[in-house]
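Okay, thanks everyone, let me get the model up on the screen. I'll talk about empty space, then salt bridges, then a bit of packing.

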Amino acid sequence: MSMPVGYQKYLDFFEKALNEACGSMRFTPAILTESMRYSLQSGGKRLRPVLFLAMLNACGCDYEKEAALAVALESVHTYSLVHDDLPAMDNDDFRRGKPSSHKKFGEAHAILAGDALLSYAFDLLLNEAARGEQYRRAAKILSEASGVDGMISGQSYDISYTGKSLGKEELLTVYQRKTGALIAAGMKMACAIAQKNENIAAEYGENLGILFQLTDDFIDEYGESGEAGKTLGKDKRADKLTCIKVFGLEGAEALADEYAEKCRVSLKGFEGDASFFTQLVDCVRDRTN
């Protein structure tokens with residue numbers, strides 16, 4: 001996945017902040033700290049915290065003051081990946097080219113590592129909430145996006161719809177909640193801190209999340225396993241509800257183009273430099289990992 005101008009700057013800042021946070025972990029027993037660090041430091045695009053930092057910058061805020069919130073956001077995302085890889089969920093042995101947490105530490109410790117990452121994220125959010133009402137609002141945004149009206153709901157729909165022949169409405173419900181909610185959350189959090197209107201960030205983020213999940217389906221169906229860094233073909237074997245299953249390749253590609261355009265249109269009312277976010281749309285649409 002090629003990155004827009006500025007992505008590496010935000011990524012480098014975030015990786016430094018994350019490594020510092022991981023270095024300060026002293027949880028016991030030691031395997032708990034080790035398993036949390038293992039998944040947090042496994043690399044990846046860091047799309048959610050990068051979007052948070054980029055939106056802060058676009059809103060005129062000093063993004064370097066908000067490292068703790070970026071780490072909290074990525075901790076929630078990482079917990080979801082650890083649990084998503086479990087045998088009872090997507091049953092994937094690899095994540096970002098490395099053994100999944102349950103393959104490295106065992107299923108029980110992977111469950112606990114995911115639980116610990118979620119509670120760690122909310123410890124960070126509570127600490128930041130003392131800084132003012134806008135930080136309490138940011139914490140609420142992440143709580144809602146990661147909970148029963150957001151990511152968890154999407155995961156539940158994903159499981160419930162497996163093996164069933166359904167349509168566009170059900171597909172988009174899964175994508176908007178499972179992926180779009182958390183991608184939008186970081187951008188909305190940034191707007192809350194900047195005390196800016198959250199609507200454009202919400203619309204763009206949710207559309208980008210749907211686009212990201214659409215291209216994820218393309219990668220699972222047609223990608224190269226070495227480049228993707230995970231087991232491919234799982235969704236088809238498990239009879240998951242995917243855009244390929246609902247629309248076929250040609251229809252799915254057209255839907256991805258539609259959501260790429262929706263992302264661009266949603267930025268037209270943005271007050272500030274939206275070039276980073278516009279460039280990111282093309283990167284997500286054309287990504288291969």
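Before the cavity, a word on how I'm sorting residues: Ala, Val, Leu, Ile, Met, Phe, Trp, Tyr, Cys and Pro count as nonpolar, Asp, Glu, Lys and Arg as charged, and the others, Gly among them, as polar. With that split, the lining of the largest cavity comes out as four nonpolar, five polar and four charged residues. And keep in mind that what you're looking at is a predicted model.

So, how many cavities of 30 Å³ or more does a search of the whole structure find? Just one. The space in there is about 110 Å³. It has 13 lining residues, and those closest to the centre are S39, S42, D85, R95 and S101.

Where does the lining come from? At least two residues each are supplied by α2 (30-40), α4 (67-84) and β2 (98-99). α4 gives the largest share, with three residues.

Hang on to α4, since we need it again for the salt bridges. The structure has 23 of those, and I'll pick out a few.

First up, R46 and E74. Their side chains form a salt bridge at 2.9 Å, N to O. R46 sits in the loop between α2 and α3 (47-58) while E74 is in helix α4, so this pair ties together parts that are 28 residues apart in sequence. Buried or exposed, these two, R46 and E74? Both are buried.

E74 has another partner, too. It makes a salt bridge with R96, where the closest N and O atoms are 3.7 Å apart. Again the pair links distant parts of the chain: E74 in helix α4 and R96 in the loop between β1 (94-95) and β2, 22 residues apart. Now look at accessibility. E74 has a relative accessible area of 1%, so it counts as buried, the cut-off being under 20%. R96, with 23%, is partly exposed.

Over to another pair, R264 and D282. This salt bridge comes in at 2.7 Å, N to O. R264 is in helix α13 (residues 243-266) and D282 in helix α14 (residues 275-285), so parts 18 residues apart in sequence are tied together here. As for accessibility, R264 is partly exposed at 28%, and D282 is partly exposed as well, at 37%.

There's also a network, if you like graphs. Salt bridges link D84, D90, D158, K178 and K240.

Last bit: packing around F212. You'll find F212 in helix α10 (residues 199-222), and with a relative accessible area of 9% it's buried. What does F212 touch, leaving aside its neighbours within four places in sequence? The contacts are K45, L47, T179, I183, V284 and R287. Also worth a glance is G180: its C-alpha atom and that of F212 are separated by 8.3 Å, with the two residues 32 apart along the chain.

Let's flip to T179 and look back from the other side. T179 lies in helix α9 (residues 168-194) and counts as buried, at 6% relative accessibility. Beyond its neighbours within four places in sequence, T179 is in contact with R48, V174, G209, F212 and Q213. So F212 and T179 turn up in each other's lists.

That's my tour. Who wants to go first with questions?

Methods:
Residues are numbered from 1 along each chain as its sequence is written. This is a predicted model: local features need pLDDT of at least 70, side-chain atom pairs count only at pLDDT 80 or more; totals for chains, interfaces and linings use all residues. Side-chain values use heavy atoms; hydrogens and water are left out. On a 1 Å grid over the protein atoms alone, a cavity is a set of points where a 1.4 Å probe fits but cannot get out, and a pocket is an open set with protein on both sides within 12 Å along at least five of seven lines; lining residues have an atom within 4 Å of a point. Grid points are joined across faces, edges and corners, and a volume is the space filled by probe spheres set on the points. Helices (H or I, at least four residues) and strands (E, at least two) are DSSP runs, numbered from the N terminus. A salt bridge is a side-chain nitrogen of Lys or Arg within 4 Å of a carboxyl oxygen of Asp or Glu. Buried means under 20% relative accessible area, exposed over 50%, partly exposed in between (1.4 Å probe, protein chains only). Contact means heavy atoms within 4.5 Å.
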